Structure formats: structure tokens, C-alpha cells
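Let's work through two short exercises on binding sites. Have the sequence and the structure open as you go.

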Amino acid sequence: MSIIKACIFDLDGVIVDTAVYHYKAWKRLANELGFDFTEDDNEKLKGVSRTHSLELILQWGGITKTEAEKEELATRKNDWYVEMISHMTPAEILPGAKEFLITCRNAGLKTALGSASKNSITILNKIDIAHLFDAVIDGNKVSKPKPDPEVFLKGAEALNVAPVNCVVFEDAIAGVEAAINGGMKAVGIGSPDVLSEANLVVSGLNEMSLEKLSLL
Ligand code: G6P
Ligand code: MG
């Protein structure tokens, strides 16, 4: 049993489900390039940075591009994505996420966001929960992708809490691994079969409680 003093949350798939917007934007790009992009392909991109996602998609399509072309393609995809998320509302917060953040804060726990997305701040503002985080570490502040623990270690540092006293909430395998690699506890959001390395797996933050935290 450990003493949890801080909770670090991934964004996509934990607090909001933006995967559908990423899917639509990547699919549009792939189709313009002349190949298809399926929901299964999209699954493989969860928690993967924009640049690396594009590398994978081009590889799947069997296409080679120069660095300058790749930059243009990533920007094109992001412009479509940003247009879609600009319509997001607080109604899109996943069940129990806001309530659990408030429960944690009322119990004196620190809260941080730890996401690979460079659009994190925009999304937090659209869904009106930015004020519920003591620190936000996003894709603009990290250089090493999950499963490297950088994003979560920076979160712990910003909160001034030792990694051993932090718990990370993650829906991606690489994210769970990043938490463990950083010496933190990991709560998986999703299926226990997929997130088998996590200390606990729940289907959503609506299943979380302070009691469950205390048992980690
Ligand atoms: C999250 C999502 C990924 C996405 C990445 C970068 O980790 O799960 O699907 O590619 O963020 O997002 P961005 O908003 O910076 O393109
Ligand atoms: Mg995620």
C-alpha cells in the first residue's frame, strides 16, 4: 500500500474521448493520399504523438515523403482536428471524470494533466475544467514519448510530489508503462486484458473512489 498525494491524468480517453476526432482527421488525410484508414488503425495511435502517428500512417500506406512534406501533412491534419475540437462542450467530459477530479481536490490531493497532445489546453478550456488542475504537462513540454516517463515525472515535479506518491490514470498501454517506468502507480482506464500491467483497471473514472486510491 502506498500513500497517494497526487493524481496525474491522461487527457484523451480518460477525461474526454477525442479519438473520434483524431480518427476523422487522419482518415481524411489518408484518403487524400489515396489509401484507407480504419478504426483499428486509429486504435494503434492512442497516446502516440502527432509526428509519430503520421510516420506510422505513411508507412501503412506505403508512402514516402520529405520532412517538409510531412510537416505540411501534420499541419493539415491538425487544422481539421482543431476545427472539430473547437466545437467541444463540457457535455463531452467522460462520465465521472469531473466529479472524481473534484473529489480528489476536496480530499487535498494535487492534480495534474499528463498528455502527449499539443492541443491539451484548448480542450481543457473548451470543456471548462482547466481550473481543476494544479499543473498541465502537455505535448509542448515533453520531448520523449510514452512509455518514457518524462511527461509524468514533469507532472510530479510541477506538483512537488515524489513519484512514489503519484498515481497515473491512463487508457493507453504505453501510458501505463510510462507510469510504471516513472515509479508511480497506474490505474488503467479500459480493459484489464489490454492494460494488464496496471495496478488497477476500471472502465472509467466514474468507477473510481478515494477508497480505491487508498488500496493502491
Ligand atoms: C494523445 C492522443 C493521440 C494523439 C496525441 C497528440 O496522446 O491519444 O492520438 O496523436 O495525443 O495529439 P495532438 O493534439 O498534439 O495532435
Ligand atoms: Mg489517452
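**Exercise 1: the ligand 1 site**

Which polar backbone atom is 2.6 Å from an oxygen atom of ligand 1, and to which residue does it belong? Use the answer to describe the surroundings of ligand 1.

*Solution.* Keep in mind that this is a predicted model.

Step 1. The residue is Lys118, whose polar backbone atom is 2.6 Å from a ligand oxygen.

Step 2. Look for other polar contacts. Val48 places a backbone N or O atom 2.6 Å from an oxygen of ligand 1, and Asn119 uses a side-chain N or O atom, at 2.7 Å from a ligand oxygen. With the protein in place, 96% of the 390 Å² of accessible area that ligand 1 has on its own is covered.

Step 3. Widen the view. The shell holds 14 residues, with Arg50 and Ser117 also among the closest. By class, the shell has four nonpolar, six polar and four charged residues. Ligand 1 sits in the largest pocket.

**Exercise 2: the magnesium site**

Find which residues coordinate the magnesium ion (ligand 2) and how they are spaced in sequence.

*Solution.*

Step 1. The donors are Asp10 (OD), Asp12 (O) and Asp171 (OD), at 2.0 to 2.1 Å.

Step 2. Along the sequence, the donor residues follow the pattern D-x1-D-x158-D.

Step 3. Check burial with the cut-off of under 20% relative accessible area: both Asp10 and Asp12 are buried.

Definitions and conventions. Residues are numbered from 1 along each chain as its sequence is written. Chains are lettered from A and ligands numbered from 1 in the order in which they are written. This is a predicted model: local features need pLDDT of at least 70, side-chain atom pairs count only at pLDDT 80 or more; totals for chains, interfaces and linings use all residues. Side-chain values use heavy atoms; hydrogens and water are left out. A residue is near a molecule or strand if one of its heavy atoms lies within 4 Å of it. A polar contact is a pair of N or O atoms within 3.5 Å; within protein, one must be able to donate a hydrogen and the other to accept it, and residues adjacent in sequence count only if both atoms are side-chain atoms. Accessible areas come from the Shrake-Rupley method with a 1.4 Å probe; for residues, only the protein chains shown count as cover. On a 1 Å grid over the protein atoms alone, a cavity is a set of points where a 1.4 Å probe fits but cannot get out, and a pocket is an open set with protein on both sides within 12 Å along at least five of seven lines; lining residues have an atom within 4 Å of a point. A molecule sits in a cavity or pocket if more than half of its atoms lie within 2 Å of its grid points. Ala, Val, Leu, Ile, Met, Phe, Trp, Tyr, Cys and Pro count as nonpolar, Asp, Glu, Lys and Arg as charged, and the others, Gly among them, as polar. Donors are N, O and S atoms within 2.8 Å of the metal (3.2 Å for Na, K and Ca); water is not among the atoms, so sites may look incomplete. Buried means under 20% relative accessible area, exposed over 50%, partly exposed in between (1.4 Å probe, protein chains only).
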